[in-house]
Amino acid sequence: MHQLFAELMGTALMIVFGVGVHADTVLNDTKYHGSGHLFAITTWAFGISVVLFIFPTICLNPAMALAQFLLGNITFISFIEISIFEMIGGVIGAVIVYIMYADQFKHSYDKIDPVTIRNIFSTAPGVRNLPRNFFVELFDTFIFISGILVIVTIKTPGVMPIGIGLLVWAIGMGLGGPTGFAMNQARDLGPRIAFALLPIKNKANADWQYGLIVPGIAPFFGAALAVVFAKFYLGL
């Protein structure tokens, strides 16, 4: 239970940083309105590093939990339990952001497009093409999980959190444009669930078709390919 609550708290904190920075840049009457994607991607990357300094043994991602199961490091039951707690953490983190930015949400209703407000919580494609969007998320996750599996072999203190943060930063800058680089079901579906439940005015459709197919399923395939690469090429 200690490990599972670490997964929950770590994922919630990651979402507080990540969804929080999107609220900060999108909503009216915030201190950093309009700061842009460089600001947002940097916050995601640094936020994940901070989370991993606090909770260094967590997966933080159902796709990573699947990779750990396929590598034989955890049982299938543990994979399911970890994924559930991470999803709950994603919901909680998004609700915390909504509470923190409740006044800014009120000042943005009828002034900011409802889809833009939805995208504070969850990812969306720049161009909607589900097969290509699926490939992008699969490949992003393949790079992400493969990179992590190598970084964690470096035992120098501090390298793992900083290295993974830099990896997120690089993927976000280089590969994030088509889909928003979810690479993590808890990052997308957790806040998407929160968005569907929260009392947001003039709420856009949660777009479950995209959410379940692209950030929901594709990261699992990317993680599985990363495990194959790690085993048969990297020798991990």
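**Helix H3, the nonpolar core and the salt bridges of a predicted model**

Helix H3 is followed by Gly72, whose phi is positive, near 85 degrees. The model described here is predicted, and the values below are computed from it. At the N-terminal end of H3, Asn61 acts as a cap, with a side-chain oxygen lying 2.8 Å from the backbone nitrogen of Ala63. Of the 9 residues of this helix (residues 62-70), 7 are buried, so H3 is largely enclosed by the rest of the structure. The buried positions are Pro62, Ala63, Met64, Ala65, Leu66, Ala67 and Gln68, and their cover includes H4, H7, helix H9 (185-197) and helix H10 (208-234).

The largest nonpolar core contains 61 residues, among which Ile48, Phe105, Phe121, Phe144, Ile145, Ile164 and Ile200 touch the most other members. Helix H1 (residues 2-26) supplies the largest share of this core, with 8 residues. When residues up to four places away in sequence are not counted, Ile200 touches Tyr98, Tyr109, Ile117, Phe121 and Phe195. In soluble globular proteins, nonpolar side chains tend to be buried together. On the surface, by contrast, a nonpolar patch of about 700 Å² is made by Phe76, Ile77, Ile80, Ile84, Ile88, Ile92, Ile96 and Met100. Ile77, one of the residues of this patch, lies in helix H4 (residues 76-100) and counts as exposed, at 54% relative accessibility.

A search of the whole structure finds 3 salt bridges. In one of them, Lys201 is paired with Asp110, the closest N and O atoms being 3.3 Å apart. Lys201 lies in the loop between H9 and H10, and Asp110 in the loop between helix H5 (102-108) and H6, so the pair ties together parts that are 91 residues apart in sequence. Lys201 is partly exposed, with a relative accessible area of 44%, whereas Asp110 is exposed, at 59%.

A salt bridge also joins the side chains of Arg128 and Asp207, with an N to O distance of 2.7 Å. Because Arg128 lies in the loop between H6 and H7 and Asp207 in the loop between H9 and H10, this pair ties together parts that are 79 residues apart in sequence. Arg128 counts as partly exposed, at 43% relative accessibility, while Asp207 is buried, with a relative accessible area of 14%.

The salt bridge between Asp188 and Arg192, in which the closest N and O atoms are 2.9 Å apart, is formed within helix H9, where the two residues are separated by 4 positions, about one turn of the helix. Both partners are buried, since Asp188 has a relative accessible area of 0% and Arg192 one of 1%, and buried means under 20%.

Asp188 is also joined to Thr123 by a polar contact of 2.6 Å between their side chains. Thr123 lies in the loop between helix H6 (114-121) and helix H7 (130-151) and is buried, with a relative accessible area of 6%. Leaving aside residues up to four places away in sequence, the residues that Thr123 touches are Thr179, Gly180, Ala182, Arg187, Asp188, Arg192, Tyr210 and Pro215. Thr123 therefore touches both Asp188 and Arg192, as contact means heavy atoms within 4.5 Å, and these two residues are the partners of the salt bridge in H9.

Methods
Residues numbered from 1 in each chain as written. Predicted model: local features only at pLDDT ≥ 70, side-chain atom pairs only at ≥ 80, totals over all residues. Heavy atoms only, no water. Buried < 20%, exposed > 50% of the residue type's maximum accessible area, 1.4 Å probe, protein only. Polar contact = N/O pair within 3.5 Å; in protein donor to acceptor, adjacent residues only side chain to side chain. Patch = residues over 30% accessible without salt bridge, like charges linked within 9 Å, V, L, I, M, F, W, Y side chains within 5 Å. Areas by Shrake-Rupley, 256 points an atom, 1.4 Å probe, with all protein chains shown as cover. Salt bridge = Lys/Arg side-chain N within 4 Å of Asp/Glu carboxyl O. Core = buried A, V, L, I, M, F, W, Y, C linked by side-chain atoms within 4.5 Å.
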